[in-house]
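Please walk through this structure with the sequence and the model side by side. The route begins at single residues and ends with the chain as a whole.

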Amino acid sequence: MATYTNLHEDMVHDAVLDYYGKRLATCSSDRTIKIFAVDGNNHRLEETLRGHDGPVWQVAWAHPRFGTILASAGYDGKVLIWRDDNGRWSLISEYTSHQASVNSVQWAPHELGALLLCASSDGNVSIVEFKDDGSIDSSMVVAHPTGCNTATWDPSAGMVRGTGSQPIRRFSTGGCDNTIKIWSFNEEQDRYVEEAVLKGHTDWVRDIAWSASVFPKSYIASASQDKTVLIWTQEGDGEWVQRPLQQEKFSEALWRVSWSLSGNILAVSGGDNKVTLWKESIQGTWETCATIDS
């Protein structure tokens with residue numbers, strides 16, 4: 001296991017490998033983004049990107065079909081789009097429609113195009129489309145009026161066909177109102193509409209992750225300031241059912257949840273500086289399969 005030290009001059013908030021696992025992007029409260037070339041346990045700093053006026057909370061790589069593209073979200077309310085052309089990084093677009101911190105960004109499944117989901121403390125979520133001619137088209141939904149902390153696409157959205165053989169656009173959001181909401185694009189109304197509201201947490205929802213599993217059920221994991229992780233499942237078009245990851249609360253508030261590529265292993269991290277890995281048993285309960293002390 002490789003250890004990266006002295007990456008930034010302040011706290012590191014996110015670290016994401018690209019599609020091929022050859023590049024690592026990190027972002028920090030020092031207002032910078034760093035790009036590293038990764039070769040096994042070795043890494044080399046390729047570039048330091050500067051453009052944000054405050055802490056950078058999250059970065060996201062676009063699918064390689066669109067080129068080497070990176071999106072970044074910051075406390076300054078900006079979403080910046082960066083591109084690498086033969087080793088030369090440049091800022092190619094800036095989205096500034098939010099009135100407060102942009103807390104998360106995530107690219108949609110590539111079948112939907114260059115579509116970016118942005119969640120902000122102003123309570124809104126933006127869906128921003130970057131077109132081939134360089135123009136930008138965007139729409140916005142008032143997701144959580146007291147603040148939206150996270151948003152994530154349904155990983156199967158681009159592959160599911162709805163009315164008129166159009167890919168279904170579907171995502172979920174988590175906010176300071178302690179709820180998770182499911183949104184889907186309504187073709188007749190030409191806008192995103194609220195599909196479901198999931199209530200179970202007693203404090204801010206900090207992060208949500210939608211599993212890409214091939215199981216007949218859909219899985220969403222949610223991490224909260226209330227020191228719990230809830231697993232939400234849906235069969236077909238039925239109701240969402242919640243189950244706690246474990247009966248007792250964690251020792252500290254939880255910040256991030258992430259599924260493995262296969263969709264059957266869940267990683268949980270929080271204020272105790274530990275990462276725990278969980279897997280569902282045959283009986284439907286969740287069991288710890290590893291603990292990593294950071």
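The model shown here is predicted. A starting point is S139, which lies in strand β12, residues 136–142. With a relative accessible area of 31%, S139 is partly exposed, because the partly exposed class covers the range between 20% and 50%. Leaving aside residues up to four places away in sequence, S139 touches V125, S126, I127 and Y192. A267 is a residue with which S139 has a wide separation on both counts: 128 residues in sequence and 32 Å in space, C-alpha to C-alpha.

Past β12 comes the loop between β12 and β13 (148–153), and T146 is found there. T146 has a relative accessible area of 55% and is therefore exposed, since exposed means over 50%. Its contacts, again without residues up to four places away in sequence, are S121, C176 and D177. From T146 to K199 the distance is 16 Å between C-alpha atoms, and the two are 53 residues apart in sequence.

Y192, one of the residues that S139 touches, also belongs to an aromatic group. Ring pairs link W153, F171, F185 and Y192 into a cluster. One member of this cluster, F185, has a charged neighbour: R169 lies over the face of its ring, at 5.9 Å from the ring centre.

The search of the whole structure finds 12 aromatic pairs. One of them is formed by Y219 and W259, with ring centres 6.2 Å apart and planes at 70°, so the pair is edge-to-face. The class follows because planes over 60 degrees apart count as edge-to-face. Which strands does this pair link? Y219 is in strand β18 (residues 217–224) and W259 in strand β21 (residues 254–259), so that distant parts of the chain, 40 residues apart, are joined. Both partners are on the inside by the accessibility criterion: Y219 counts as buried at 6% relative accessibility, and W259 counts as buried at 11%.

Strand β18 also holds I220. Is I220 buried or exposed? With a relative accessible area of 0%, I220 is buried. Its list of contacts, not counting residues up to four places away in sequence, is S172, I182, I208, A209, W210, L230, I231, W232 and W240. T96, by contrast, is 29 Å from I220 in space, C-alpha to C-alpha, and 124 residues away in sequence.

Two loop residues stand out by their backbone angles. Most residues other than glycine have a negative phi. Phi of D190, however, is near 55°, a positive value in a residue other than glycine. D190 has its place in the loop between β15 (179–186) and β16 (191–199), and at 58% relative accessibility it counts as exposed. K227 also has a positive phi, of about 75°, although it is not a glycine. The loop that holds K227 runs between β18 and β19 (229–235). K227 is partly exposed, with a relative accessible area of 33%.

The cysteines can be taken next. How many disulfides does the structure hold? The structure holds zero disulfides. C27 is in no disulfide, and the nearest cysteine sulfur, that of C118, is 14 Å away. A sulfur pair would have to lie within 2.5 Å to count, so a separation of 14 Å does not qualify. C27 is buried, with a relative accessible area of 0%, while C289 counts as partly exposed at 45% relative accessibility.

The chain as a whole comes last. Its secondary structure comes to zero helices and 24 strands. For 294 residues, a compact globule would have a radius of gyration near 19 Å, and the chain agrees with this at 19 Å. The C-alpha trace spans about 50 × 50 × 35 Å along its principal axes. Of the 294 residues, 48% are buried. The accessible surface of the chain comes to about 14,900 Å², and carbon and sulfur atoms account for 46% of it. Among contacts between residues at least 6 apart in sequence, 41% join residues at least 24 apart. The pair of Y219 and W259, 40 residues apart, is one link between distant parts of the chain.

Definitions and conventions:
Residues numbered from 1 in each chain as written. Predicted model: local features only at pLDDT ≥ 70, side-chain atom pairs only at ≥ 80, totals over all residues. Heavy atoms only, no water. Phe/Tyr/Trp six-rings, centres within 6.5 Å; stacked < 30°, edge-to-face > 60°. Helix = DSSP H or I, 4+ residues; strand = E, 2+ residues; numbered from the N terminus. Buried < 20%, exposed > 50% of the residue type's maximum accessible area, 1.4 Å probe, protein only. Lys NZ or Arg CZ within 6 Å of the ring centre and 35° of its normal. Rg over C-alpha atoms; globule rule 2.2 N^0.38 Å. Contact = heavy atoms within 4.5 Å. Areas by Shrake-Rupley, 256 points an atom, 1.4 Å probe, with all protein chains shown as cover.
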